[in-house]
Amino acid sequence: MSFSEGISDSAPGPTSSAAPNPSGRLSIPEIIRKKRDGENLQQDEIRYFVQAVTRRALQDGQIGAMLMAIRLQGMEPNEILALTREMATSGRILEWPEKWRGLLVDKHSTGGVGDKVSLPLVPALVACDCKVPMISGRGLGYTGGTLDKLESVPGFVVSQSPEQMKHILEAVGCCIVEQSQELVPADKVLYALRDVTATVDSLPLITGSIMSKKVAENISALVLDVKFGSAALYPTLESAQQLAQSLVSVGTQLKINTAAVLSRMDGPLGRRVGHSLEVLESLECLEGRGPEDLRELVTTLGGTLLWQCGRAGSLPEGTAHIARALDNGTALRTFQAMLQAQGVEADVARALCAGTEEQRLQVLRRAQAQEELVAQRGGTVQQILALPLARTLHGLGAGRTQKGQAINHRVGAELLVSVGQRVRKGSPWIRIHYESPALSDADRHSLQGALILEDSEPFAPSLKVVKTILPQTHPEMARRK
Ligand code: URA
């Protein structure tokens, strides 16, 4: 049966365990109705929906309705597993040479503000002898996407075929690419629609989206950075832990050695937010410099992965290997090679990776306007809230409100103060980079609300990582060891 034959616009039929219309065919409106009314979907219904999405046989309204039904009613673990499998097999599963067995690894984050970890981490893993075929995403809601950040580098091509990925992995060891017609096409469609239908923060949809990409990558080990806090998709540690358990459980059942790190996302990661500004900060991290919290996450996530795939005997040893790759320049050289392999001209990649700050800025280009805001009172910085900051930048053009909308890579913010530091009334605390629309009084007001000051002594900020969930062992993986 072809999809166009099988997809019916019929009115919903009576409640039953499957979702056929009177002709006995599965029916999309009936599948939506079942989920809307809180019923569990069967595997063939999930398959039918995902395959129809993949073939672009549904209207955006039907997909949006299904996403909202899943967002409101949730899914049982067996439905989430089926969703992940169907999304993964909506395209090709990548194939790799036997000699890379056990070396293919990846990391994925549930999304944050200023979260640029993948840019330094991926090449650092290659410097530690791993291969990383990362399929990543664009910004979701107010969170920034790795692909959007990389596209602020002129010439960088995120769309690569499986054959090109293999070639790049052979030559360089890593690539960072987008979903495509060949790679998790169902996620490409669902991801873009979730972004504009207020359905991003759904545990089954996040699990399906992240894990389908990782299954398609055909990797051995995965570490997940699951964020919690006021600017994360899940605000509390408990809710983020549930998401982490769902991700680890699906990964394990699909035979990926999966660990999760729970990290705080109340304030932005690092001191720069916005696509091209985050590339600049990533380059600092790749030079062994840059903000401590960024380095902490890069080394912890990388160290966990090196331990998972047996390239380090312990987590501290893994962390030290990643730190060395950042400090000795091997990760930076790999990043430069990856940029070139993905389309960036050699002199542009060189200016970015071996150039001065000024040369880097010439490549990435500054926004036309910058404005510094000053502290309205004195005090010690308790927190810099990422959410109002991200929402303001989104409104200034850093994010999308419509599917496929162009974004402005130069819009962003630089924090000029750190948590725990004392600031004086009238001293600058943030620099906003913008173009059109211009920064408004409402933006200034909401940004000022992000700086939380108190009359207390200066203090050292807490670490970002609060907990690591180590992999559950799948019986088949245990046998392989
Ligand atoms: N990253 C993804 O790929 N998907 C999500 O849903 C969230 C973060």
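## Ligand site and second largest pocket

Let's start with the ligand: around it sit His108, Ser109, Thr110, Leu140, Tyr191, Arg194, Ile206, Ser209, Ile210 and Lys213. Keep in mind that this is a predicted model.

Some of these residues reach oxygen atoms of the ligand with polar side-chain atoms. Here are the distances:

| Residue | Side-chain atom to ligand oxygen |
|---|---|
| His108 | 2.9 Å |
| Arg194 | 2.8 Å |
| Lys213 | 2.5 Å |

How much of the ligand does the protein bury? On its own the ligand would expose 240 Å², and the protein buries 96% of that.

Now for the second largest pocket. Its volume comes to about 560 Å³. Helix H13 (292-308) and strand E8 (379-384) are the elements that give two or more residues to its lining. The lining is made up of 22 residues, and those that lie nearest the pocket's centre are Asp293, Val419, Pro461, Ser462 and Lys464. By character, the lining residues split into nine nonpolar, six polar and seven charged.

Why does this pocket lie between domain 2 and domain 3? Domain 2 (98-355 + 464-480) gives residues to the lining and domain 3 (368-454) does too, so the pocket lies between them.

Technical notes:
Residues are numbered from 1 along each chain as its sequence is written. This is a predicted model: local features need pLDDT of at least 70, side-chain atom pairs count only at pLDDT 80 or more; totals for chains, interfaces and linings use all residues. Side-chain values use heavy atoms; hydrogens and water are left out. On a 1 Å grid over the protein atoms alone, a cavity is a set of points where a 1.4 Å probe fits but cannot get out, and a pocket is an open set with protein on both sides within 12 Å along at least five of seven lines; lining residues have an atom within 4 Å of a point. Grid points are joined across faces, edges and corners, and a volume is the space filled by probe spheres set on the points. Helices (H or I, at least four residues) and strands (E, at least two) are DSSP runs, numbered from the N terminus. Ala, Val, Leu, Ile, Met, Phe, Trp, Tyr, Cys and Pro count as nonpolar, Asp, Glu, Lys and Arg as charged, and the others, Gly among them, as polar. Domain bounds come from an automatic or database domain assignment. A residue is near a molecule or strand if one of its heavy atoms lies within 4 Å of it. A polar contact is a pair of N or O atoms within 3.5 Å; within protein, one must be able to donate a hydrogen and the other to accept it, and residues adjacent in sequence count only if both atoms are side-chain atoms. Accessible areas come from the Shrake-Rupley method with a 1.4 Å probe; for residues, only the protein chains shown count as cover.
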